[in-house]
Amino acid sequence: MPHRWLGGVLAVGSLGLGCMGMSGFYRPADQAEARSTLLHALDRGVTLLDTADVYGPRTNEELIGRTVRGRRDEVVIATKFGLTPGDGYGGFAINGRPEYVRQACEASLRRLGVDHVDLYYQHRLDRSVPIEETVGAMAELVAEGKVRHLGLCEAGSGTLRRAHATHPIVALQTEWSLWSRDIEDEVLPTARELGVGIVAYSPLGRGFLTGAITSADDLAPADLRRQMPRFQPDNLAANQRLAKQLRQAATEHGCTPAQYALAWLLSQGTDVVPIPGTANRAHLNDNLGAVGLAITTTGLSVAATGRRADPATVHMEQP
């Protein structure tokens, strides 16, 4: 697989693997198949594995740690801190206090069974703590060798600038897809000005862009997407206009809708690394078919109904 550079210093395969769905959130995952998918991803040249301490919670890091044992030198492990189960934003509490940064990192290292994390993200911005203090604590972990590189998730332009001035930020993980393009106005230009790579999560619109979700009935009863505005019945029906255009574009390029959506993202710049999530080898193989696919035009202009109201995409910017 071709490689791309995040922040000019961290080489990763051009397509990563999001591992959140291997530990719930959407539907119960077959753990044996999830493990096989992880190993198959490594065999196919995927190097960036994306997890977080809140996935599971905690069990996702343990799954990755067990699976990559013996193949550590093939893997770039990215994990996150800052969200804990609670009654706050999106059903989680946010903690960016410096003392918690160290505590969370050391717990992640134990669960992963590694002596360092390659890329360590703040999962969401804690508005009660200046970003300089949180990133300063993260930088101490870099100095101690427990973390190699730093990243932020869902940060706005101002926060990204302040964080980068405190310590180089290698990657900004944020939602970006044909269905969610908020970052293109301000965040993306700022990241490129600073030399920060973009790790695009939910590049398939949480499965919508694959064509597999046409109604709420396609979602399991406990599926997280049932709580998201874009997946409410009226919005989901309206969004089928985008799905239709995507299917037409994919047919014209001789590929699947998932491959087209990923190839479109890959064509946005060599500083972009999508991390589609799956716990299934067949879906993984379909996604990997996007690598090397040339997209000549989009022809897609329909905005996603309900997109901006989705709590999972809100940028937690400093006042």
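## The N-terminal hairpin

In this predicted model, Leu6 stands opposite Leu10 of strand β2. The two strands concerned, β1 (residues 3-6) and β2 (residues 10-13), pair in the antiparallel sense over 4 bridges. Together β1 and β2 form a hairpin, with 3 residues between them. Gly7, in the turn, has a positive phi of about 65°.

## The parallel sheet

An open sheet is built from 8 strands with parallel pairing, in the order β3-β4-β5-β8-β9-β10-β11-β12. Its edge strands are β3 and β12 (272-274), each of which pairs on one side only. Strands of a sheet pair through backbone hydrogen bonds, either parallel or antiparallel.

At the β12 edge, the partner is β11 (residues 197-201), and these two strands are joined in the parallel sense over 3 bridges. Within this pair, Ile198 stands opposite Val272 of β12.

## Helices lying across the sheet

Helix α3 (residues 98-112) lies across three strands, namely β5 (76-81), β8 (117-122) and β9 (147-153). The helix runs at about 140° to β5. Helix α8 lies across β11 and β12, and its direction is at about 160° to that of β12.

## Helix α9 and its buried face

Which residues of helix α9 (residues 281-288) are buried? They are Leu284, Asn287 and Leu288. Seen down the axis of α9, these buried residues fall within an arc of 95°, so they line one face of the helix. An α-helix has 3.6 residues a turn, so residues three or four places apart point the same way.

The buried residues of α9 pack against β3 (17-18), α1 (31-43) and α8 (257-266). Two of these partners also appear above: β3 is an edge strand of the open sheet, and α8 lies across β11 and β12. At the start of α9, a side-chain oxygen of Asn280 reaches to within 2.8 Å of the backbone nitrogen of Ala282.

## The overall fold

The protein as a whole has 9 helices and 12 strands. Its radius of gyration is 18 Å, close to the 20 Å that the globule rule gives for 319 residues, so the protein is as compact as a globular protein of that length. Taken along the principal axes, the C-alpha atoms fill a box of roughly 50 × 45 × 40 Å.

Of the 319 residues, 56% are buried. Among contacts with a separation of 6 or more, 75% are accounted for by residues 24 or more positions apart.

Definitions and conventions:
Residues numbered from 1 in each chain as written. Predicted model: local features only at pLDDT ≥ 70, side-chain atom pairs only at ≥ 80, totals over all residues. Heavy atoms only, no water. Buried < 20%, exposed > 50% of the residue type's maximum accessible area, 1.4 Å probe, protein only. Arc of directions from axis to C-beta. Contact = heavy atoms within 4.5 Å. Polar contact = N/O pair within 3.5 Å; in protein donor to acceptor, adjacent residues only side chain to side chain. Pairing = 2+ DSSP bridges. Axes fitted to C-alpha atoms, helices over the stretch in contact; angles between N-to-C directions. Rg over C-alpha atoms; globule rule 2.2 N^0.38 Å.
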